[in-house]
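Trainee: Could you take me through one part of this model up close? I'd like to look at a single sheet and then see how the rest of its chain is laid out around it.

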Amino acid sequence: MRRIGDAPLTRRLLIGLALALSALFLLLPLVAIFAQAFSQGVAVFWSNVSNVFTLHAIGLTLVIALMTIPICLVFGVALAWLVTRFSFPGRRLLQTLIDIPFAVSPVVAGLIYLLLYGRNGWIGSWLDQHDIQLMFAWPGILMVTVFVTCPFVARELIPLMQAQGSREEEAAVTLGASGWTAFWRVTLPNIRWALMYGVILTNARAVGEFGAVSVVSGAIRGQTNTLPLHVDQLYQDYNTVGAFASAALLALIALLTLAAKAGLEWRAARRETRYSSDQLPETVSKSVPKTSSQTPLESMPSGQNRQPLGGERRL
Amino acid sequence: MSIRLHNIAKHFGATQALEPLELTINEGELVGLLGPSGSGKTTLLRIIAGLESPDRTCTPSAIYFGERDVTQVHVRDRRIGFVFQHYALFRHMSVYDNVAFGLSVMPRSSRPSSAEIRRRVFRLLEMVKLEHLAKRYPAQLSGGQQQRVSLARALAVEPDVLLLDEPFGALDAKVRQELRRWLRHLHDELNFTSVFVTHDQEEALELSDRVVVMSNGRIEQIDTPDTLYRAPKNRFVFEFLGDVNHLEGHVANGVLTCGDAHVAVELPDGHEELLLRPHEIRLAEAPSPESHLPVTVTAISPVGAEVRVELAADWLEAPWLATVRHADFERLALSRGKRLYAHLRRWHRFESNAASLRSPATS
């Protein structure tokens, strides 16, 4: 019998549509970026990439991303821990608040920060009196990048930690572990894949963020220009090859990120099969004939069913 | 190590999970906390463990392990072993590392050497007959094996008391039976004080020295399995400890009438409800002057030491369950649809917490 939606026509139509759309909207633009970047040869591409302003933009972008990740990591883990391990009034509200950066347009986020921390802003004017400048400088870029990316880690962790529950941590504590030990030895190993996944997403977004950063950075070449802003600037200056050369760099980072993500997923899938239950010894023990005089537990098979595990604990 | 609970109560928000209660568990005892879900048995166990804290009321509550007051002592310092319902093994650690965990997190000063840890872990694994699986991961083990790892892990730290939360709840009937016997054996051998939670009355009655029956956050009765079954203190305990048949009707002049059925009982006039265990019903081909209870056989299950027979009648609200010896089963030539007469060997009746057990008027 055929399953619903499995008619040959429907199937071919859907697959064809999906492939066509992917090619048109995903693959083609990606190819176009690299084609444009190299349209006047490798030498021109290289001279554009090794331009001092481009190099600075690359550096700034990477530094911002590197600073954003640990902040989001700590924030995300703490938040996920709070939301999944404690019940307190306002917990649901907090869970909704986490999504604000997703819901708000990045430009609006940038404007809010400008309004608050800008020279004439509520907090900014006070900071200005103390000679602290946040907006139109790298701290401002960092602040909005953190704002935009902070939900990623928490979003990845919350469903997982909810599903895993706190039993293992409770078990650790009944065995005498301190909270800190329980976190490092029990919680963290259980969430590490989700954590890394969250970091990858955070990184992708931090590197590519345009809207919020463009509002607060001022886009001063060689000072507060990140790579996405730099691409935009070059394009506005009619330096198409330069713009696409930088864009190609961004696309390359994105591809690397995707590769890392795919690698993680592949490993996770392999881990699943490795730990899977299809080699459960119980199914084996049932087929082993039992002799009558056994104590209840001696029916466990010993040698013959042992599986070679190879290199233990690869991770 | 004995366990003494004084004035322990617990609220979760507005709901009362436990009413203030007293409980003493003697040294070396294996005690079962038995009750339906929501009766507060797991909460009580978790309070003993220190995973939950009792309500702070005006009258102070206290928990003693032996002479040690552990009311304010943190879980990690209570020296308990806790076995979780779904094992809660550390999924990313091998069986060996799971069992070694409690020893390896000890403060450096009191921690045994790694050779000593190894020796102790393997002794425990030997005890639970899993030494050949030391390198496996929890997901590669069957439920019963996981539960034994979890037990070995709890015992590794040499706890004063062992607490088990529905230890066999997630296992299939056969493995459960084996593990039950094995736990009893282990308990007798090592002689620690154990408390376990279960909703399975058979498990509680078979395994425990004493059973604490709970419902709605209250302790209904604490007794040995034997006393509990023979002399339940109230209707709840009676109904919870086995299959129950109901007979409801009006008594007039020593005869309880229910539709076209009637049976002689020595009770004052009025509305009555009698409770019967399946083995307290006797089936016969004919009514007697004292008992006229016509029933029809609707289902037969000939598995086990006795044949279980389901009986229906239009004067019954819910069908009855009766157990018949195989010999009687053959003698009566029971089959579905057969009409018979039920006789009562004895019956039970509860009025406001007082139990009474009687035989029918004359029989």
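Mentor: Sure, let's start with the open sheet in chain B, which has four strands in the order β2-β1-β4-β5 and antiparallel pairing. The strands at its edges are β2 (15–25) and β5 (68–69) of chain B, each with a single partner strand, so one side of each has no neighbour in the sheet. A word on terms: strands pair if DSSP finds at least two bridges between them, and helices (H or I, at least four residues) and strands (E, at least two) are DSSP runs numbered from the N terminus.

Keep in mind that this is a predicted model, where local features need pLDDT of at least 70, side-chain atom pairs count only at pLDDT 80 or more, and totals for chains, interfaces and linings use all residues. Residues are numbered from 1 along each chain as its sequence is written, while chains are lettered from A and ligands numbered from 1 in the order in which they are written.

Now zoom in on strand β1 (residues 3–12) of chain B, which runs antiparallel to β2(B) and is joined to β2(B) by seven bridges. One pair to find on screen is B:I3 with its bridge partner B:I25 in β2(B). Helix α1 (residues 41–49) of chain B lies across β1, β2 and β4 (62–65) of chain B, at about 120° to β1(B). That angle is taken between N-to-C directions, from 0 to 180 degrees, with axes as lines fitted to C-alpha atoms, for helices over the stretch in contact; contact puts C-beta atoms, placed from the backbone, within 7 Å.

Further along, look at strand β6 (residues 80–83) of chain B: B:I80 and B:F82 point one way, B:G81 and B:V83 the other, and all are buried. Buried takes 20 or more other C-beta atoms within 10 Å of a residue's own, these atoms being placed from the backbone. Here the pairing is parallel, with four bridges joining β6(B) to strand β7 (residues 161–165) of chain B. B:G81 has B:L162 as its bridge partner in β7(B).

Stepping back, chain B comes to nine helices and 22 strands, and 42% of its 363 residues count as buried. Chain B is divided into domain 1 (3–240) and domain 2 (245–358), with bounds from an automatic or database domain assignment. Six residues of domain 1 and five residues of domain 2 of chain B make the contact. The C-alpha centres of these two domains of chain B are 40 Å apart.

Terms used: Contact = placed C-beta atoms within 7 Å. Buried ≥ 20, exposed ≤ 12 C-beta atoms within 10 Å, placed from the backbone.
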